[in-house]
Amino acid sequence: MNNKVRSEITDRLFKAILSLENVDECYKFFEDICTIHEIQSLAQRLEVAEMLNEQKTYNEICDKTGASTATISRVNRALHYGADGYNLVIDRLPAKNL
C-alpha cells in the first residue's frame, strides 16, 4: 500500500464508499464527487485491466475501449508491479455477460 495516499481523510472516503449498498447509490455518490469524464476514465481502466488479464493485445484493447496506449501501459504496469488492487477487484466481480 502506498503510504503517500493514506491519510485520515482518505480512510474516511473509502469508508464512505464501502457504506454504499448498491450500484444506484454508487452512481449518486460518484456523480457528486467526480466529473462524468473521471467516472468514465475509471471504468475504462478497469475494462482495460480485465482485457489485459484475458491476454488481449494493445490493439484489441484500443479498438474496444478507446483507451490510449499510455493508459493501457499504465494499467499493465499496475497489474504487474502495483498493489494488486485490480486483481483483487477483478477476482471478485461476476463474470461479464458476453
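Which helix gives the largest share of the lining of the largest pocket? In this predicted model, that share comes from α3, with 7 residues; the legends below begin with the whole chain and then turn to this pocket and to other close-up views.

**Figure 1. Overview of the protein chain, which has 6 helices and 0 strands.** Read along the sequence, the helices of this predicted model follow one another in the pattern α-α-α-α-α-α. Taken along the principal axes, the C-alpha atoms of the protein chain fill a box of roughly 40 × 30 × 25 Å. Of the 98 residues in the protein chain, 18% are buried. Among the contacts in the protein chain with a separation of 6 or more, 39% are between residues 24 or more positions apart, and the views of A49 and I72 below include pairs of residues that are 38 and 24 residues apart along the chain.

**Figure 2. The largest pocket, with a volume of about 1900 Å³.** The lining of the largest pocket is made up of 34 residues, and those nearest its centre are F30, L42, L46, G85 and V89. At least two residues of this lining are supplied by each of α1, α2, α3, α5 and α6, and the largest share, 7 residues, comes from α3. By residue class, the lining of the largest pocket divides into 21 nonpolar, 4 polar and 9 charged residues.

**Figure 3. The contact of helix α1 with helix α2.** Helix α1 covers residues 8-19 and helix α2 covers residues 23-33, and their axes come within 9 Å of each other and cross at roughly 150 degrees. Because the angle is over 145 degrees, α1 counts as roughly antiparallel to α2. On the α1 side the contact is made by L13, A16, I17 and S19, which meet E25, F29, F30 and I33 on the α2 side. The residues of this contact divide into 6 nonpolar, 1 polar and 1 charged. One of the α2 residues in the contact, F30, is also among the residues nearest the centre of the largest pocket.

**Figure 4. The surroundings of A49 in helix α3.** With 0% relative accessibility, A49 counts as buried. When residues up to four places away in sequence are not counted, A49 touches V75, L79, Y86 and I90. The C-alpha atoms of A49 and N87 are separated by 8.3 Å, although these two residues stand 38 residues apart along the chain.

**Figure 5. The surroundings of E50, which also lies in helix α3.** E50 counts as buried, because its relative accessibility of 14% falls under the 20% cut-off. Leaving aside the neighbours within four places in sequence, E50 is in contact with I90, L93 and K96. I90 therefore appears in two of these views, as a residue touched by A49 and as a contact of the buried E50.

**Figure 6. The surroundings of I72 in helix α5.** I72 counts as buried, with a relative accessibility of 0%. Not counting residues up to four places away in sequence, I72 touches V48, L52, Y58, I61, C62 and A67. One of these residues, V48, is 24 residues away from I72 in sequence, and the two are 6.4 Å apart in space, C-alpha to C-alpha.

**Figure 7. Two loop residues with positive phi values, Q55 and D84.** Q55 is found in the loop between α3 (36-53) and α4 (58-65), where its phi is near 65 degrees, a positive value in a residue other than glycine. With a relative accessibility of 67%, Q55 counts as exposed. D84 has its place in the loop between α5 (69-81) and α6 (85-92), and its phi is positive as well, at about 75 degrees, although D84 is not a glycine. The relative accessible area of D84 is 42%, so D84 is partly exposed.

Key
Residues are numbered from 1 along each chain as its sequence is written. This is a predicted model: local features need pLDDT of at least 70, side-chain atom pairs count only at pLDDT 80 or more; totals for chains, interfaces and linings use all residues. Side-chain values use heavy atoms; hydrogens and water are left out. Axes are lines fitted to C-alpha atoms, for helices over the stretch in contact, and angles run from 0 to 180 degrees between N-to-C directions. Helices (H or I, at least four residues) and strands (E, at least two) are DSSP runs, numbered from the N terminus. Angles under 35 degrees count as roughly parallel, over 145 as roughly antiparallel, 65 to 115 as roughly perpendicular and the rest as oblique. Contact means heavy atoms within 4.5 Å. Ala, Val, Leu, Ile, Met, Phe, Trp, Tyr, Cys and Pro count as nonpolar, Asp, Glu, Lys and Arg as charged, and the others, Gly among them, as polar. Buried means under 20% relative accessible area, exposed over 50%, partly exposed in between (1.4 Å probe, protein chains only). On a 1 Å grid over the protein atoms alone, a cavity is a set of points where a 1.4 Å probe fits but cannot get out, and a pocket is an open set with protein on both sides within 12 Å along at least five of seven lines; lining residues have an atom within 4 Å of a point. Grid points are joined across faces, edges and corners, and a volume is the space filled by probe spheres set on the points.
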